[in-house]
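Visitor: Please take one helix of this model and describe closely how it is packed against its surroundings.

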Amino acid sequence: MITMRGVEKGFGQQEVLRGVDLEIPPGQLTTIIGPSGEGKSVLLKHMIGLLKPDRGEVWVDGVEISRLRGPSLDKVRKRFAMLFQSAALFDSMNVFDNVAFPLREKRLASESKVPRMVNDMLERVGLGEMGHKFPAELSGGMKKRAGLARALVVGPEIILFDEPTTGLDPLMARTIHNLIRSMHQVFGFTAIMVSHQVPDIFPISDWVAMLKHGKIIAMARSRDFQGLTDPVVREFVLAGEMPGPSSVEGPGQN
Ligand SMILES: Nc1ncnc2c1ncn2[C@@H]1O[C@H](COP(=O)(O)OP(=O)(O)OP(=O)(O)O)[C@@H](O)[C@H]1O
Ligand SMILES: [Mg+2]
């Protein structure tokens, strides 16, 4: 569904992506793991054309998007939804209007259909009675649910999740992971999730890839990933399995 070939990206003197080769299979949930600051968010932004590579190619379903601009890029972007690292709700709108926003803005549904679509989605993410609340009145987990509903309501083919459980306690993180998994099973979209929540991501992912030093150093079916012998992979996986503060909170804010 998405293919990256030799993608390089730097900011000033800093090289972030140093030749990323990655193949995202359609209809599956692929999780990209890796230490903080390695370029996971930068990688996701290339998939949706928010950032352009310095070198290399980004293909979405047979279209090379890295040179596209204007309407032709918009056309590709319409197939995506992105859940940013911060839930990025509009503070001035209640939950209902936040979820309705992409439907209204992109004119994807007539106003008479909006309430049913929004309420159905709120129900699915467990916010059935919360439409009238404002973001400031929600817990962290509820904000993530609202963000998920807003991403799903437009029926995207591809959803990018950037650290959807950042800042949540381990129990709520697991609830959000399970919600993403069950939504993925219901709707069948292609999902790409960025996370450093190891080992929690293994049972919900189909594929796992690891980004390190600007490259994808390993990719395997989720059930096989923990058995990989690459020492760098092992070190990251084992560190995540040990109890400690790293399993509670993830750093990074974009
Ligand atoms: N727009 C930008 N301009 C300049 N530098 C940037 C920009 N976006 C990202 N960077 C830099 O690229 C590097 C990788 O950032 P990125 O946000 O992708 O890391 P990450 O792997 O997502 O980390 P985290 O797990 O903490 O979210 C960082 O050093 C960051 O400062
Ligand atoms: Mg990030």
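Guide: What follows is a close look at helix α5, with a few backbone details from elsewhere at the end.

This is a predicted model, in which local features need pLDDT of at least 70 and side-chain atom pairs count only at pLDDT 80 or more, while totals for chains, interfaces and linings use all residues. Residues are numbered from 1 along each chain as its sequence is written, and chains are lettered from A and ligands numbered from 1 in the order in which they are written.

Helix α5 covers residues 140–152. Helices here are DSSP runs of H or I with at least four residues, strands are runs of E with at least two, and both are numbered from the N terminus. The 13 residues of α5 reach 19 Å from first C-alpha to last, close to the expected 18 Å; the expected span is 1.5 Å times one less than the number of residues.

α5 is mostly covered, with 10 of its 13 residues buried. A residue is buried if 20 or more other C-beta atoms lie within 10 Å of its own, exposed if 12 or fewer, and partly exposed in between, with C-beta atoms placed from the backbone. The buried residues are Lys143, Lys144, Arg145, Ala146, Gly147, Leu148, Ala149, Arg150, Ala151 and Leu152. Their cover includes strands β6 (80–83) and β7 (158–162), and helices α3 (95–105), α4 (114–124) and α6.

Consider α6 (residues 170–187): α5 packs against α6 at an angle of about 15 degrees, with the axes 10 Å apart. Axes are lines fitted to C-alpha atoms, for helices over the stretch in contact, and angles run from 0 to 180 degrees between N-to-C directions. The two helices are therefore roughly parallel, the class for angles under 35 degrees, with over 145 roughly antiparallel, 65 to 115 roughly perpendicular and the rest oblique. α5 passes α6 in a right-handed crossing, meaning that the near helix is turned clockwise from the far one by less than a right angle, anticlockwise being left-handed. On the α5 side the contact is made by Gly140, Gly141, Lys144, Leu148 and Leu152, and on the α6 side by Met172, Thr175, Ile176, Leu179, Met183 and Phe187. Two residues are in contact if their C-beta atoms, placed from the backbone, lie within 7 Å. These contact residues divide into 7 nonpolar, 3 polar and 1 charged; Ala, Val, Leu, Ile, Met, Phe, Trp, Tyr, Cys and Pro count as nonpolar, Asp, Glu, Lys and Arg as charged, and the others, Gly among them, as polar. An α-helix has 3.6 residues a turn, so residues three or four places apart point the same way.

α3 packs against α5 at about 30 degrees, with the axes 7 Å apart. This pair, too, is therefore roughly parallel, and the crossing of α3 and α5 is right-handed. Val95, Asn98, Val99, Phe101 and Pro102 of α3 meet Ala146, Ala149 and Arg150 of α5. The contact of α3 with α5 divides into 6 nonpolar residues, 1 polar and 1 charged.

Some backbone details remain. Glu163, in the loop between β7 and α6, has a positive phi of about 45 degrees although it is not a glycine. Glu163 is buried, with 24 other C-beta atoms within 10 Å. His213 also has a positive phi, near 50 degrees, but His213 is exposed, with 12 other C-beta atoms within 10 Å. The peptide bond from Val198 to Pro199 is cis, with omega near 5 degrees.
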